[in-house]
Amino acid sequence: MDLKSRVWKILHDSKYKEYYLRTQIEVFQSFTNIINSAIALITAASIIAWILLVDYFYLWAFALIFTQTINIFKPTFPFSKFLKECEGKLKNIKKLNLEMDLLWLEIKNENPQIPISEERFLSLKKQIDTIAIFEDKTPFKFKKKTAAIVKKKNDTFHECVSS
């Protein structure tokens, strides 16, 4: 396989990883927003709830205890750690994708300003491959819906670059 097709393959794969990380970050951020909104709503409405639920005050007391417990343990939830890790990896892969884009353009135009070397390509490939490895085992499953969204974005990228 020549250098041009290998660079294209790695660029296509790394763009897929970028889109996947971005989509997962959006999922985890929305999950975080839902938890924070529920905690804020239950905590802020506690006075009104005590008045309205005089006969069933224990229900609201349970809700307050539950939300405060979640608030205490929220920093230890695995999705917040996973979200931070994904954000760091996304930042790195975006930078590497820019470098890979430049390399692709140099090869595609066959007019490189910098000599294109196998070492440069392999160095970028190695860095991109290490980004896909997560430190901890994640308890989260990547859903088919997320994969479909990412595939659509990646196909759009492929169409734009090909034309």
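At 5% relative accessibility, F28 counts as buried, where buried means under 20% relative accessible area, exposed over 50% and partly exposed in between, with a 1.4 Å probe and protein chains only. This residue is a good place to start a tour of the model, which is predicted: local features need pLDDT of at least 70, side-chain atom pairs count only at pLDDT 80 or more, and totals for chains, interfaces and linings use all residues. Residues are numbered from 1 along each chain as its sequence is written, and side-chain values use heavy atoms, with hydrogens and water left out.

F28 is found in helix α1. The C-alpha atoms of F28 and K84 are separated by 10.0 Å, although these residues are 56 apart along the chain. A similar question can be put to L105, a residue that lies in helix α4. The C-alpha atoms of L105 and K4 are separated by 10.0 Å, with their positions 101 residues apart along the chain. L105 is partly exposed, with a relative accessible area of 43%.

Stepping back to the whole protein, there are six helices and zero strands. Helices here are DSSP runs of H or I with at least four residues, strands are runs of E with at least two, and both are numbered from the N terminus. From the N terminus on, the elements run α-α-α-α-α-α. Of the 163 residues in the protein, 31% are buried. Contact means heavy atoms within 4.5 Å. Among the contacts with a separation of 6 or more, 83% are accounted for by residues 24 or more positions apart.

How do the helices α1, α4 and α5 lie against one another? Their axes are lines fitted to C-alpha atoms, for helices over the stretch in contact, and angles run from 0 to 180 degrees between N-to-C directions. Angles under 35 degrees count as roughly parallel, over 145 as roughly antiparallel, 65 to 115 as roughly perpendicular and the rest as oblique. A crossing is left-handed if the near helix is turned anticlockwise from the far one by less than a right angle, and right-handed if clockwise.

The axes of α1 and α4 come within 8 Å and cross at roughly 155°. That makes α1 roughly antiparallel to α4. The crossing in which α1 passes α4 is left-handed. The residues of this contact between α1 and α4 divide into 20 nonpolar, four polar and 10 charged. In this scheme, Ala, Val, Leu, Ile, Met, Phe, Trp, Tyr, Cys and Pro count as nonpolar, Asp, Glu, Lys and Arg as charged, and the others, Gly among them, as polar.

Helix α4 (residues 78-109) also packs with helix α5 (residues 118-131), at an angle of about 155° and with their axes 10 Å apart. α4 and α5 are therefore roughly antiparallel to each other, and their crossing is left-handed. On the α4 side, the residues that meet α5 include I93, L96, M100 and L103, while those in α5 include F121, L124, I128 and I131. The residues of the contact of α4 with α5 divide into eight nonpolar, four polar and five charged.

The axes of α1 and α5 come within 11 Å and cross at roughly 25°. α1 and α5 are therefore roughly parallel to each other, and α1 passes α5 in a left-handed crossing. Among the residues making the contact are L3, V7, I10 and L21 of α1, together with F121, K125, I128 and I131 of α5. The residues of the contact of α1 with α5 divide into seven nonpolar, one polar and five charged.

Aromatic rings add a further detail. Rings of Phe, Tyr and Trp (its six-membered ring) pair if their centres lie within 6.5 Å; planes under 30 degrees apart count as stacked, over 60 as edge-to-face and the rest as tilted. By this rule the count comes to three aromatic pairs. One of them, W8 with W104, is tilted, at 5.1 Å centre to centre with 45° between the planes. This pair links distant parts of the chain, since W8 is in helix α1 (residues 3-44) and W104 in helix α4, 96 residues apart. W8 is buried, with a relative accessible area of 18%, and W104 is buried at 10%. The rings of Y16 and Y20 have their centres 5.8 Å apart and their planes at 40°, so this pair is tilted. Being four residues apart in helix α1, Y16 and Y20 are separated by about one helical turn. Y16 counts as partly exposed at 28% relative accessibility, whereas Y20 is buried, with a relative accessible area of 14%.
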